[in-house]
Amino acid sequence: MLLLILVAILIGIGLPLQAGINAQLRIGVGHPLLAAFVSFFVGTVALGVANLALRVPLPGVGAAARLPWWQWSGGLLGALYIFASVILAPRLGAATLVSAIVAGQMMTSLVLDHFGLVGYATHPVSPGRLVGAVMVVAGVILLQRR
């Protein structure tokens with residue numbers, strides 16, 4: 001479990017880097033929507049190369065057609081995240097941006113865990129988990145003060 005948490009922390013290290021890099025990309029390409037597109041395109045190419053290199057088999061058309069509509073929405077949510085972070089990063093700064101994102105993730109995660117939604121195992125909300133979430137929100141408030 002500790003190794004998995006460390007991997008998650010390493011992934012988290014990339015989020016403020018990604019937001020800053022994409023905000024600079026916006027300056028270079030001239031528009032936040034274009035910067036988000038370029039970012040997603042580069043990521044798509046990288047994932048395509050990885051799938052080809054690892055020879056990941058493609059599902060049949062029938063299997064893909066049977067997926068519920070909401071399982072197709074992950075890419076859209078990722079695109080919205082990239083687009084919003086391109087706009088918000090220069091205005092909020094890394095600490096406020098990432099802490100606000102984490103606060104939103106924390107509040108949503110408590111609901112997803114409590115009800116076992118979108119494939120998550122059920123983990124009921126407890127007083128300790130609520131206090132942890134409140135502390136994350138309090139961190140956002142403290143970080144945005146100058």
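This passage looks at a pocket, a nonpolar surface patch and two helix positions in a predicted model.

The pocket is a good place to start. The largest pocket in the model has a volume of about 490 Å³. Its lining is made up of 14 residues, and those nearest the centre of the pocket are Gln-105, Thr-108, Ser-109, Leu-112 and Tyr-120. Helix H5, which covers residues 94-115, gives the largest share of this lining, with 8 residues. By character, the lining residues of the largest pocket divide into 8 nonpolar, 4 polar and 2 charged.

Attention then turns to the surface. A nonpolar patch of about 1,100 Å² is formed there by Met-1, Leu-2, Leu-4, Ile-5, Leu-6, Ile-9, Leu-10, Ile-13, Leu-17 and Ile-21. One of these residues, Leu-17, is found in helix H1, which runs over residues 2-29. Leu-17 has a relative accessibility of 51%, and it therefore counts as exposed, since the cut-off for that class is over 50%.

Gly-139 offers another view of a helix position. This glycine sits in helix H6, spanning residues 127-144. With a relative accessible area of 22%, Gly-139 is partly exposed, because this value falls between the limit for buried residues, under 20%, and that for exposed ones, over 50%. Gly-139 can also be placed relative to Ala-19: the two residues are 120 residues apart in sequence, and their C-alpha atoms are 19 Å apart in space.

Key:
Residues numbered from 1 in each chain as written. Predicted model: local features only at pLDDT ≥ 70, side-chain atom pairs only at ≥ 80, totals over all residues. Heavy atoms only, no water. Helix = DSSP H or I, 4+ residues; strand = E, 2+ residues; numbered from the N terminus. Buried < 20%, exposed > 50% of the residue type's maximum accessible area, 1.4 Å probe, protein only. Patch = residues over 30% accessible without salt bridge, like charges linked within 9 Å, V, L, I, M, F, W, Y side chains within 5 Å. Areas by Shrake-Rupley, 256 points an atom, 1.4 Å probe, with all protein chains shown as cover. Salt bridge = Lys/Arg side-chain N within 4 Å of Asp/Glu carboxyl O. 1 Å grid on protein atoms, 1.4 Å probe; cavity = no way out; pocket = protein on both sides within 12 Å on 5 of 7 lines; lining within 4 Å. Points joined across faces, edges and corners; volume = space filled by probe spheres on them. Nonpolar A, V, L, I, M, F, W, Y, C, P; charged D, E, K, R; others polar.
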